[in-house]
Amino acid sequence: MANSFEEADQLFAECKFHAAYELLSRKYSTDTGYETVWRLCRVIYSITRELAVDEKKSKELEAFIYEGFEYAKQGLALQPQTASAHKYYGIFLAEKTGIEGLKERVLQLSTILRHLRQATELDESDPFAWFVLGRFYHKLAGLAWFQKKMIHTFTNDIPDATYEDALRYFERAETIRAKFFPLNHLMLGETYIALKNPKKARPFLELAANQPEPRTADDREAQREAKALLKKL
């Protein structure tokens, strides 16, 4: 059993996401424990990031998001005091409600935030959890006033969010593990630009833009967007 997990972890580290998914899916047929479930959440999320860049694969993307959400629900039921369970539940709830429309997404915002916060509270050493929390705040902070007004037609339970909040979480992620994720560098750059501080944005954008070998769709997105922003500074 342990060897299967080691093999799945190695495949994931090598960005062989579909191979890791197939291995873990076979494992799930005989082992529905948390160690299998959280790994399925992790690899399915990575697959969705790869699929999201291809509009022709939107149906496949939706299917993986719903599958990931089901595993995330199982994980939370199995280990309600585990950080990764809350992290992936928050991630997949956000992805699922993104498919289901604005009203459903808005109604679940506070629930998504609660789980993302709990993930960082239960494990303060996970840089990716801090990144996801930062991106959540960044998106909320970037809403125009008319978008916020429209959201308030559905609910008043909207978390307050500022770019300063987002910056704090992106910086926390980078402090825990420097250069762990090019997309975090991009978000740091974007956030500093939003805060009217292009001087501090530049070095992070350069890190994202000058990756020697982007390995994933997220890496390529970070590189592409960072290069575009650097041209405007």
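Here are five short exercises on the structure above, each with a worked solution.

The structure is a predicted model: local features need pLDDT of at least 70, side-chain atom pairs count only at pLDDT 80 or more, and totals for chains, interfaces and linings use all residues. Residues are numbered from 1 along each chain as its sequence is written, and side-chain values use heavy atoms, with hydrogens and water left out.

**Exercise 1. Describe the fold and the overall size.**

Step 1. Count the elements. The protein has 13 helices and zero strands. Helices (H or I, at least four residues) and strands (E, at least two) are DSSP runs, numbered from the N terminus.

Step 2. Check the size. The radius of gyration, taken over C-alpha atoms, is 18 Å. The globule rule (2.2 Å times the number of residues to the power 0.38) gives 17 Å for 233 residues. The two values are close, so the protein is as compact as a globular protein of that length.

Step 3. Add the spans. Along its principal axes the C-alpha trace covers about 55 × 45 × 40 Å.

**Exercise 2. Locate the domains and size up their interface.**

Step 1. Find the bounds. Domain 1 is 1-123 and domain 2 is 135-232. These bounds come from an automatic or database domain assignment.

Step 2. Take the centres. Over C-alpha atoms, they are 22 Å apart.

Step 3. Count the residues in contact (heavy atoms within 4.5 Å). Domain 1 gives 18 residues and domain 2 gives 18 residues.

Step 4. Get the area. The two domains bury about 1500 Å² between them, 63% of it on carbon and sulfur atoms. Buried area is the accessible area (1.4 Å probe) that two parts lose on being put together, summed over both.

Step 5. Name the main contributors. Arg49, Val106 and Leu109 supply 31% of the area that domain 1 buries against domain 2, more than any other three residues.

**Exercise 3. Work out which charged and polar pairs cross the interface.**

Step 1. Count the salt bridges (a side-chain nitrogen of Lys or Arg within 4 Å of a carboxyl oxygen of Asp or Glu). Three cross between domain 1 and domain 2.

Step 2. Look at a salt bridge in detail. Arg49 pairs with Asp218, and their closest N and O atoms are 2.7 Å apart.

Step 3. See which helices of domain 1 touch domain 2. Helix H3 (34-51), helix H6 (102-107) and helix H7 (109-122) each supply at least two residues. H7 gives the most, with six residues.

**Exercise 4. Follow a salt bridge between two helices.**

Step 1. Start from the total. The structure holds 14 salt bridges.

Step 2. Pick a pair. Asp9 bridges to Arg39, with the closest N and O atoms 2.9 Å apart.

Step 3. Place both ends. Asp9 lies in helix H1 (residues 2-13) and Arg39 in helix H3, so the pair ties together parts that are 30 residues apart in sequence.

**Exercise 5. Find two non-glycine residues with positive phi.**

Step 1. Take Cys15. Its phi is near 65°. Cys15 sits in the loop between H1 and helix H2 (17-28).

Step 2. Take Lys196. Its phi is about 65°. Lys196 is in the loop between helix H11 (182-194) and helix H12 (198-209).
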